[in-house]
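Open the model in your viewer and keep the sequence panel in sight. Each stop below says what to select and what is there.

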Amino acid sequence: MGRIEILVCEDQKIVLDGIVSNLNNNKAFRVISTTKDASEILPIIRKKPVDIILTDIITDSKKNALDEIENIRKEFPEMKIITITGFPDISFMEKAKKLGVSSFI
């Protein structure tokens, strides 16, 4: 079995670098794409689908990644999506569940 390919979307460089470094240090994972803006996720995975999307909820353009997930789900209904956020807003988790997000951190 090959490595699990991941796209990471995170607007804070230090957090992005830490996530990418940790994932790439595990032989099971390989980060193949990164972006700081959730609106770039769909165009990226159209060119090169991944196994998992790991995305912050509020990204560089202050775009809510959950809005983008709705569009991703239309084209890639089986793709695993993990959302992360530091905002203490429970409504994010509720909407993520409705969108079929695989996990919420």
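The tour goes from the whole chain to the salt bridges, and then to single residues.

**Before you start**

This is a predicted model: local features need pLDDT of at least 70, side-chain atom pairs count only at pLDDT 80 or more, and totals for chains, interfaces and linings use all residues. Residues are numbered from 1 along each chain as its sequence is written, and side-chain values use heavy atoms, with hydrogens and water left out.

**Stop 1: the whole chain**

Show the cartoon. There are 4 helices and 5 strands. Helices (H or I, at least four residues) and strands (E, at least two) are DSSP runs, numbered from the N terminus. Trace the chain from the N terminus and the order reads β-α-β-α-β-α-β-α-β.

Switch to the C-alpha trace. Its spans along the principal axes are about 35 × 30 × 20 Å. The radius of gyration is 13 Å, which agrees with the value near 13 Å for a compact globule of 105 residues. That radius is taken over C-alpha atoms, and the globule rule is 2.2 Å times the number of residues to the power 0.38.

Now look at contacts, meaning heavy atoms within 4.5 Å. Take those with a separation of 6 or more: 64% of them join residues 24 or more positions apart.

**Stop 2: surface and charge**

Turn on the surface. The protein exposes about 6,200 Å², and carbon and sulfur atoms supply 54% of that area. Accessible areas come from the Shrake-Rupley method with a 1.4 Å probe; for residues, only the protein chains shown count as cover. Of the 105 residues, 43% are buried. Buried means under 20% relative accessible area, exposed over 50%, and partly exposed in between (1.4 Å probe, protein chains only).

Colour by charge. You should find 16 positive and 16 negative side chains, with the centres of the two sets 5 Å apart. Lys and Arg count as positive and Asp and Glu as negative; His and the chain ends are not counted. Each charge is placed at NZ of Lys, CZ of Arg, CG of Asp or CD of Glu.

**Stop 3: the salt bridges**

How many salt bridges does a search of the whole structure find? It finds 4. The criterion is a side-chain nitrogen of Lys or Arg within 4 Å of a carboxyl oxygen of Asp or Glu.

Select K48 and E5. Their closest N and O atoms are 3.0 Å apart, forming a salt bridge. K48 sits in the loop between α2 (41-47) and β3 (52-56) and E5 in strand β1 (residues 4-9), so the pair ties together parts 43 residues apart in sequence. K48 is partly exposed at 40% relative accessibility. E5 is buried, at 16%. Add R30 to the selection: E5, R30 and K48 are linked in a network of salt bridges.

Next, select D17 and K13. This salt bridge has its closest N and O atoms 2.8 Å apart. Both residues lie in helix α1 (residues 13-24), 4 residues apart, or about one turn of the helix. D17 is partly exposed at 36% relative accessibility, whereas K13 is exposed at 56%.

Then pick R46 and E75. Their side chains meet in a salt bridge at 2.4 Å, N to O. The pair links distant parts of the chain, with R46 in helix α2 and E75 in helix α3 (residues 65-75), 29 residues apart. R46 is partly exposed, with a relative accessible area of 47%.

**Stop 4: E75**

Stay on E75. At 40% relative accessibility, this residue counts as partly exposed. Set aside its neighbours within four places in sequence, and E75 is in contact with L42 and R46. Draw a distance to S33: the C-alpha atoms of E75 and S33 are 18 Å apart, for 42 residues along the chain.

**Stop 5: T34**

Move to T34 in strand β2 (residues 29-35). T34 is partly exposed, at 40% relative accessible area. Beyond four places in sequence, T34 is in contact with V8, L16, V20 and I44. From T34 to E68 is 15 Å, C-alpha to C-alpha, and 34 residues in sequence.

**Stop 6: V8**

Finish on V8, in strand β1. Is V8 buried or exposed? V8 is buried, with a relative accessible area of 1%. Show what surrounds V8. Not counting residues up to four places away in sequence, V8 touches L16, I19, V20, L23, V31, S33, T34, T35 and L54. Last, measure to T55: the C-alpha atoms of V8 and T55 are 5.8 Å apart, with their positions 47 residues apart along the chain.
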